[in-house]
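Let's take a walk through this model together, starting with how its strands are named and then moving on to its cores and a pair of serines.

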Amino acid sequence: MNIPISKYIGIPFVLFLLLLSCTEEEEVLQNEELIFSDSYQIKIPGYQYYDNEGNLFQVRGDTSYQAAYPDTLNNKPSFAWDSIGLKIITVAIFTSPIIVENDQIMNVDDIVWEWHSGMAFGKEGYVQFIEGKNVIHGEISDNVTPLQEAKYYWGVWAWNSTGKKILYSSRQLGFYVSN
């Protein structure tokens, strides 16, 4: 049986076209309510925590997103969010609203406290203030000092396994520290 070779030359070309048409286009998200609009949402449910003196603090979570007034918390707050199972996560507190342009935080000098999943304490889904570190002029310090009385903003975001793309982020939430 003699099959012309020209029939076999077209097969790789057809297979290439089929594979090319099957490649998935990268989905561009537009979640304008999130810190990073091109990400999936990390949900922050309402939760409560106690300080060392036994005072109870309520955090409304995502339900406070557009509230006229922020939660009032102590100077060493705790943070909770729905676990998403990613290994590279950051929680940060800012002194002014978080500004993001082209997937980059523009006001890093406004960060005053940070926790990330590479630190020795804390866990994905719940972090206490004492498990993070103060940030001074964009540099993480070795100290953890209580927050001053003021209004703050916080949020959570998580990267892919290579640490190059933010896949998930929360809404930016505000709170007021009353000492």
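Strands here are DSSP runs of E, at least two residues in length, numbered from the N terminus. Please keep in mind that the model is predicted. With that naming in hand, we can place Ser 78, which sits in strand β5.

Which residues does Ser 78 touch, leaving aside those up to four places away in sequence? They are Tyr 47, Tyr 49, Tyr 126, Val 127 and Gln 128. With Tyr 126 there is also a polar contact between the side chains, at 3.3 Å. Ser 78 counts as buried because its relative accessibility is 5%, and the cut-off for buried is under 20%.

Strand β5 (78–80) also leads us to the largest nonpolar core, as one of the strands that supply at least two of its residues. That core has 26 residues, and those with the most contacts inside it are Phe 79, Trp 81, Ile 93, Trp 154 and Phe 175. Other strands giving at least two residues include β2 (47–50), β6 (88–94) and β15 (173–177). Strand β13 provides the largest share, four residues. Apart from this core lies another one, of eleven residues, including Phe 94, Ile 98, Ile 105 and Val 135.

Our last stop is Ser 169, in strand β14 (residues 166–169). Is Ser 169 buried or exposed? Ser 169 is buried, since its relative accessible area is 0%. Beyond residues up to four places away in sequence, its contacts include Leu 34, Ile 35 and Phe 36, along with Tyr 40, Ile 42, Val 156 and Trp 157.

Technical notes. Residues are numbered from 1 along each chain as its sequence is written. This is a predicted model: local features need pLDDT of at least 70, side-chain atom pairs count only at pLDDT 80 or more; totals for chains, interfaces and linings use all residues. Side-chain values use heavy atoms; hydrogens and water are left out. A nonpolar core is a set of buried Ala, Val, Leu, Ile, Met, Phe, Trp, Tyr and Cys residues joined through side-chain atoms within 4.5 Å. Buried means under 20% relative accessible area, exposed over 50%, partly exposed in between (1.4 Å probe, protein chains only). Contact means heavy atoms within 4.5 Å. A polar contact is a pair of N or O atoms within 3.5 Å; within protein, one must be able to donate a hydrogen and the other to accept it, and residues adjacent in sequence count only if both atoms are side-chain atoms.
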